[in-house]
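User: Hey, can you walk me through this structure? I'm new to this, so plain words please.
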Amino acid sequence: MLWRRNLFAPLAALALALTASAGAGTAAAATDTTVAAAASPAASAADDFGSPGPYATAVEVGAITTLYYPRDIADSDRRHPVIVWGNGTGGVPLVYRDLMLHWASQGFVVAAANTPMSNLGISMRASIDMLTGRNADRGSIFFDRVDLEHIGASGHSQGGAAAIVVGSDPRIDTILPIQPGPLANINAVRVPALLLAGQRDSIVFPALVKAFYNAADHIPALYGEVRGADHFTVVGDPGPFAAPTTAWFRAQLMGDRTAGAQFFGPGCGICTDTATWSDVRRNSLALNVPAATP
């Protein structure tokens with residue numbers, strides 16, 4: 001497919017550059033050990049979803065999955081929801097590291113499939129299986145700290161299509177495809193969806209993302225087109241993608257009512273934020289979701 005050929009070269013080049021800059025840390029990619037830990041971020045305001053959350057973060061690189069998670073999860077007083085992630089064509093989790101760490105700082109366990117060809121969602125499903133085992137293992141830092149009742153799926157480009165594919169898995173509670181490629185069937189999804197496009201994306205045109213949105217008339221679905229964004233705006237520093245993706249997952253997986261008000265009800269926050277969004281649409285089922293206010 002032309003879109004795959006166009007995407008592979010720049011993502012692969014970026015992955016190589018980021019890997020080189022990361023140095024020896026990525027040499028542990030085939031092991032199952034903690035290879036990095038971020039400094040403790042400052043706590044964010046309740047409605048400042050683009051700011052780092054209250055959790056210090058850690059990274060564990062395994063053979064199939066890279067985990068981004070609250071560093072002190074073993075001592076946490078709560079279970080943490082899960083986000084499974086699929087990379088764009090030729091990409092690796094390192095390419096999206098800033099977004100993954102941002103979500104982890106907000107209290108999520110992020111399981112990013114290591115595969116550069118994620119469309120079938122096989123590795124994303126395997127990530128859920130792996131976390132299920134780790135959550136049941138008394139010797140694991142994740143023992144009884146993973147909220148397997150609240151799992152979201154996300155990804156970029158080919159990985160966005162994978163998020164739609166995985167959305168048919170009964171363990172998934174919501175999907176958030178970012179600039180998803182075309183090889184997916186949203187008719188099989190039975191959970192709420194936020195579909196994100198880039199206004200200036202010349203690889204996955206906004207019209208392709210709108211087609212998924214238009215087909216999603218059987219589920220609460222929203223379409224958001226990020227003003228000025230191209231296909232690689234989310235790579236590296238996620239910029240305008242950090243806050244809305246965090247708010248969506250906080251609303252859907254944590255029951256955060258302030259976050260929910262960004263998407264639902266007559267006061268829908270993203271609906272009036274024309275600085276961030278060039279187009280926002282909500283289907284009839286999304287419009288019927290009541291306002292979620294504190």
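Analyst: Sure, one term to start: two strands pair if DSSP finds at least two bridges between them. Strands (E, at least two residues) and helices (H or I, at least four) are DSSP runs, numbered from the N terminus. This is a predicted model, where local features need pLDDT of at least 70, side-chain atom pairs count only at pLDDT 80 or more, and totals for chains, interfaces and linings use all residues. Residues are numbered from 1 along each chain as its sequence is written, and side-chain values use heavy atoms, with hydrogens and water left out.

User: Ok, so in S9, what's the bridge partner of Leu194?
Analyst: That's Leu222. S8 and S9 pair in the parallel sense, over six bridges.

User: Which strand is joined to S8 by two bridges?
Analyst: S7, and those two also run parallel. There, Ile178 has Leu196 of S8 as its bridge partner.

User: How many residues of S8 are buried?
Analyst: Six of its six. Buried means under 20% relative accessible area, exposed is over 50%, and partly exposed is in between (1.4 Å probe, protein chains only). Ala193, Leu195 and Ala197 point one way from S8, while Leu194, Leu196 and Gly198 point the other way. In a regular strand the side chains alternate between the two faces of the sheet.

User: New topic: which residues have the most contacts inside the largest nonpolar core?
Analyst: Met100 and Trp103, in a core of 38 residues. A nonpolar core is a set of buried Ala, Val, Leu, Ile, Met, Phe, Trp, Tyr and Cys residues joined through side-chain atoms within 4.5 Å. S8 and S9 are among the elements that each supply at least two residues of this core.

User: And what is Trp103 in contact with?
Analyst: Contact means heavy atoms within 4.5 Å. Leaving aside neighbours within four places in sequence, the list for Trp103 includes Ile83, Trp85, Phe108 and Phe249.

User: Now H3. Where do its buried residues fall, seen down the axis?
Analyst: Those buried residues include Met124, Ile128 and Leu131. They fall within an arc of 155 degrees (taken from the directions from the helix axis to the C-beta atoms), so they line one face of H3. Ile122 and Ala136 are exposed, on the face turned away from the buried side.

User: What covers the buried side of H3?
Analyst: The cover for its buried residues includes S2, S3, S4, S5, S6 and H4.

User: Last one: how do S2 and S3 run?
Analyst: Antiparallel, joined by five bridges. A hairpin links S2 to S3 through three residues.
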